[in-house]
Structures are given as structure tokens and as C-alpha cells.
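Got your viewer open? Let's take a walk through this protein, one selection at a time.

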Amino acid sequence: MSKYLITGTTTPEFASAMLSKPQNRFDVVKPFFDQVGLEIIDMFYTSGMSPNMFVICQGDSDSKVEALKSITHATGTYRDLSWSRIYSAQEYKEIYEYGHEIMAGY
């Protein structure tokens, strides 16, 4: 399973909805992630301006993350959505070890 970092910026529509009905967004979006076939691991908001929303999730397909991003963008509650694969320190070391081996034979 690959891990992903999704980032975005909340919109005035997000703020209006939260002021009308404050709720734990992790609990709200978990069923959506489940339906798309992704496991949400954690969700963070910051006091920074942009981006100010960060989600860590895992799944077996980049396409699923892209679909989730597109659907979320269509809701209007976030803008500037993007995602990237993320790697543990050990995984990143292994990537560079592989690159090192390739370079040695070049």
C-alpha cells in the first residue's frame, strides 16, 4: 500500500458550513475515503493561510487519490488541492540505495 499526502486550502464555504454545524471533519470524510477505496490515517488543519489542510491516507492506486481529489474539489469546500506519494525514512533510503546500484553499473 502506498501512502499519500493530500493538501488543500479551506474556502469560505467550508468556514460557513463549520460555523453552522461544527463537526470533526475526520469522522465526516472517513466514509467517503472508504467508498473510494482509501484508508484515511489522519487529518490536520493549521493556522497558516495556504495550504491549511493536510490528510495522510493510504491505498493501492494513484487513480483513487486523483478521483478523491477531483470529487472534493467539485464540492467547493477546498481549493488548491494536490497530492503526493509520501515515503517513510526507510523507504526513501531504499529508493536511494536502488539509485546508487544503478549508478554504479552506469
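Here is a tour that goes from the whole chain to single residues.

**Stop 1: the whole thing.** Before you click on anything, keep in mind that this is a predicted model. Show it as a cartoon and you should find four helices and four strands. Starting at the N terminus, the elements come in the order β-α-α-β-β-α-β-α. The protein is more spread out than a compact globule, because its radius of gyration is 17 Å, well over the 13 Å that the globule rule gives for 106 residues. Turn it around along its principal axes: the C-alpha atoms fill a box of roughly 60 × 30 × 20 Å.

**Stop 2: surface and contacts.** Switch on a surface if you like. The accessible surface is about 7100 Å², and carbon and sulfur atoms account for 58% of it. How much of the protein is buried? Of the 106 residues, 27% are. Take the contacts between residues at least 6 apart in sequence, and 65% of them join residues at least 24 apart. Colouring by charge works too: the protein has 9 positive and 13 negative charges, and the mean positions of the two sets lie 6 Å apart.

**Stop 3: strand β3.** Select residues 53–59, which make up strand β3. Five of these seven residues are buried, so the strand is largely enclosed by the rest of the structure. Now add its partners. Strand β1, residues 2–10, pairs with β3 in the antiparallel sense over seven bridges. Strand β2, residues 39–45, also runs antiparallel to β3, and six bridges join the two. Which residues face each other here? On the β1 side, Thr 7 stands opposite Phe 54 in β3. For β2, pick Ile 40 and look across to Cys 57 in β3.

**Stop 4: the loop between β2 and β3.** Pro 51 sits in this loop. Zoom in on the link between Ser 50 and Pro 51: it is a cis peptide bond, with omega at about -10°. That is worth a pause, because most peptide bonds are trans. Asn 52 is in the loop between β2 and β3 as well. Is Asn 52 buried or exposed? Its relative accessibility is 11%, so it counts as buried. Leaving aside residues up to four places away in sequence, Asn 52 touches Gly 8, Thr 9, Thr 10, Phe 44, Tyr 45 and Thr 46.

**Stop 5: helix α3.** Next, select residues 62–75 for helix α3, and find Ser 63 in it. Ser 63 is exposed, with a relative accessible area of 55%. Try the distance tool from Ser 63 to Val 36: they are 27 residues apart along the chain, with 10.0 Å between their C-alpha atoms.

**Stop 6: strand β4.** Residues 78–86 form strand β4, and Asp 80 lies within that stretch. What is unusual about the backbone there? Most residues other than glycine have a negative phi. Asp 80, though, has a positive phi, near 55°. With a relative accessible area of 46%, Asp 80 is partly exposed.

**Last stop: helix α4.** Finish with residues 89–104, helix α4, where you will find Gly 99. Gly 99 counts as partly exposed, at 26% relative accessibility. For one more distance, pick Gly 99 and Lys 3: 96 residues separate them in sequence, and 21 Å in space, C-alpha to C-alpha.

Note on methods: Residues are numbered from 1 along each chain as its sequence is written. This is a predicted model: local features need pLDDT of at least 70, side-chain atom pairs count only at pLDDT 80 or more; totals for chains, interfaces and linings use all residues. Side-chain values use heavy atoms; hydrogens and water are left out. Buried means under 20% relative accessible area, exposed over 50%, partly exposed in between (1.4 Å probe, protein chains only). Two strands pair if DSSP finds at least two bridges between them. The radius of gyration is taken over C-alpha atoms; the globule rule is 2.2 Å times the number of residues to the power 0.38. Contact means heavy atoms within 4.5 Å. Accessible areas come from the Shrake-Rupley method with a 1.4 Å probe; for residues, only the protein chains shown count as cover. Lys and Arg count as positive and Asp and Glu as negative; His and the chain ends are not counted. The place of a charge is taken as NZ of Lys, CZ of Arg, CG of Asp or CD of Glu.
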